[in-house]
Amino acid sequence: MSKFLSPTLAAVTPYTPGEQPQDQQYIKLNTNESPYLPSPAVIAAVSEHEVEKLRLYSDPACADLLKAAAAHFGLQPEQIMPGNGSDENLFFALRAFCDADHPLAYADITYGCYGVWCGLMHIPSHIIPLKEDFTLDPKDYYGLNQTIVLANPNAPTGIALPRAEIEGILKANPNNVVIVDEAYVDFGGESCVPLIDQYENLLVVQTFSKSRQLAGARLGLAMGNAKLIADLNRVKFSLNPYNINRLTLKAGQAALEDTAYFDRTRAAIVDTRAWTKQQLEQRGFAVLDSRSNFLFASTDRKDGDTLYKELKKNGILVRHFDAPRIQNWLRITIGTPEQMQTFMETLDKIMEE
Ligand code: PMP
């Protein structure tokens, strides 16, 4: 770091993203991307004509995308805000609803960025441990008088809370925003979007990175009461009014409209997940009940770090977190059936050594 860096930033530990090798030599099961191509409709929408229009700024209101999203989710456009990935929307939400005097409550084992953003914005973290089995007790979140963020399904565990349990948390915190990060909800979770008209304190955040094959386009949606969305727009228009680029606006709209492709690809992931879980369990692995596009697994025959390194040596990238409670676990993204077959064969070879 330079001598010019603000001391307040020097104290922040940035998030470490999963490895993104650029040489394609790995089977990439480490950052929960989709193994499938974007929908053909997306590829058609990002046309040469649209590329030519890149000389012009994108629509700051994102009107066409909002219209498509409103139709898809059964909401009004004023209840939705697109972000540059759901990361941006989550950041905007923390900026809008938390500060040095208004902490953020979240689980000890969950998406790492929540804590990083708290550090960056001097928001106190109220960290609430998950139970021994990595499930969450909703009662731990009742009457907190703090903004809450819940990843549902959670990451990196994949465990989901039923909608009714989140409803309990919403009811028990009527004066605080409850952010439900639904990055993985399309793989078997219960979305809270149907609760939006009932709870003015509910903000749901979804992403196009996992179930819509657009991780590299950077697109997410925050959905909630129109007043909450206006608050997020206050942050956006104070930072970067053109936060979604032209190509992403087109790609996102096409992806939303191709519901058949969306359903087919997420069903394929759910099937492959079931197969992979069964295979791992047959080999004695502990595997959590995942409603996401990854599995969280461990074995006492080899420690998590060693297994991660040996898989990498053999051309397979998975995610290992060097963090308390989960050091012995690996998060394995669900790829194509062929990739998971190779993964199992490689794992067998490593476990025999
Ligand atoms: N929330 C969770 C729980 C995630 O795992 C991720 C992806 N790492 C994100 C949000 C952010 O995804 P994106 O910014 O690509 O939408």
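Helices, of at least four residues, and strands, of at least two, are DSSP runs numbered from the N terminus. The exercises below concern a predicted model.

**Exercise 1. Describe the span that UniProt annotates as a domain.**

Solution. Begin with the record: an unreviewed UniProt entry places the feature "domain: Aminotransferase class I/classII large" at residues 25-346. Next, take the composition of residues 25-346, which is 38% helix and 16% strand. Finally, consider the ends of this span, whose C-alpha atoms lie 15 Å apart.

**Exercise 2. Determine how the chain is divided into domains and what joins them.**

Solution. Step one is the division: domain 1 comprises 7-37 + 260-352, and domain 2 comprises 40-258. Step two is their separation, with the C-alpha centres of the two domains 24 Å apart.

Step three is the interface. Here 33 residues of domain 1 are in contact with 35 residues of domain 2. The buried area between the domains is about 2,600 Å², and carbon and sulfur atoms give 65% of this area. On the side of domain 1, Phe-262, Arg-291 and Arg-325 lose the most area to domain 2, together 27% of what that side buries.

Step four is the search for charged pairs. One salt bridge is found across the interface of domain 1 and domain 2. For the pair Arg-325 and Asp-108, the closest N and O atoms are 2.7 Å apart. The cut-off for a salt bridge is 4 Å, and Arg-325 does form a salt bridge with Asp-108.

**Exercise 3. Work out the strand order of the seven-stranded sheet and identify its edges.**

Solution. First, write down the order: the sheet is open and runs β2-β8-β7-β6-β5-β3-β4, with mixed pairing. Second, look at the ends of that order. Strands β2 (80-83) and β4 (125-128) each have a single partner strand, so one side of each lacks a neighbour in the sheet. From one strand to the next, the twist averages 20°.

Third, examine one pair within the sheet. Strands β3 (residues 104-107) and β5 (residues 147-151) pair in the parallel sense over two bridges. Leu-104 has Thr-147 of β5 as its bridge partner. Fourth, add the helix α4 (residues 63-73), which packs on the sheet and touches β2, β7 (202-207) and β8 (220-224). The direction of α4 makes about 125° with that of β2.

**Exercise 4. Analyse the four-stranded sheet and the helices that lie on it.**

Solution. The order is β9-β10-β13-β12, in an open sheet with antiparallel pairing. The edge positions belong to β9 (286-287) and β12 (319-320); each has a single partner strand, so one side of each is left without a neighbour in the sheet.

Strand β12 pairs with β13 (residues 329-333) in the antiparallel sense over two bridges, and Arg-319 stands opposite Arg-331 in β13. Helix α10 (residues 259-282) lies across β9, β10 (294-298) and β13, at about 5° to β10. Helix α11 (residues 304-313) touches β12 and β13, and its direction makes about 35° with that of β13.

**Exercise 5. Locate the notable backbone geometry at Pro-153, Pro-156 and Asn-32.**

Solution. Consider the prolines in turn. The peptide bond from Asn-152 to Pro-153 is cis, with omega near -5°. The bond from Ala-155 to Pro-156 is cis as well, with omega near 5°. Pro-153 is placed in the loop between β5 and α7 (163-171), and Pro-156 is likewise placed between β5 and α7.

Then turn to Asn-32, which has a positive phi of about 60° although this residue is not a glycine. Asn-32 lies in the loop between β1 (27-28) and α2 (40-45).

Terms used: Residues are numbered from 1 along each chain as its sequence is written. This is a predicted model: local features need pLDDT of at least 70, side-chain atom pairs count only at pLDDT 80 or more; totals for chains, interfaces and linings use all residues. Side-chain values use heavy atoms; hydrogens and water are left out. Two strands pair if DSSP finds at least two bridges between them. Axes are lines fitted to C-alpha atoms, for helices over the stretch in contact, and angles run from 0 to 180 degrees between N-to-C directions. Contact means heavy atoms within 4.5 Å. UniProt positions are given in the numbering used here, feature names are shortened, and annotations may be inferred rather than shown by experiment. Domain bounds come from an automatic or database domain assignment. Buried area is the accessible area (1.4 Å probe) that two parts lose on being put together, summed over both. A salt bridge is a side-chain nitrogen of Lys or Arg within 4 Å of a carboxyl oxygen of Asp or Glu.
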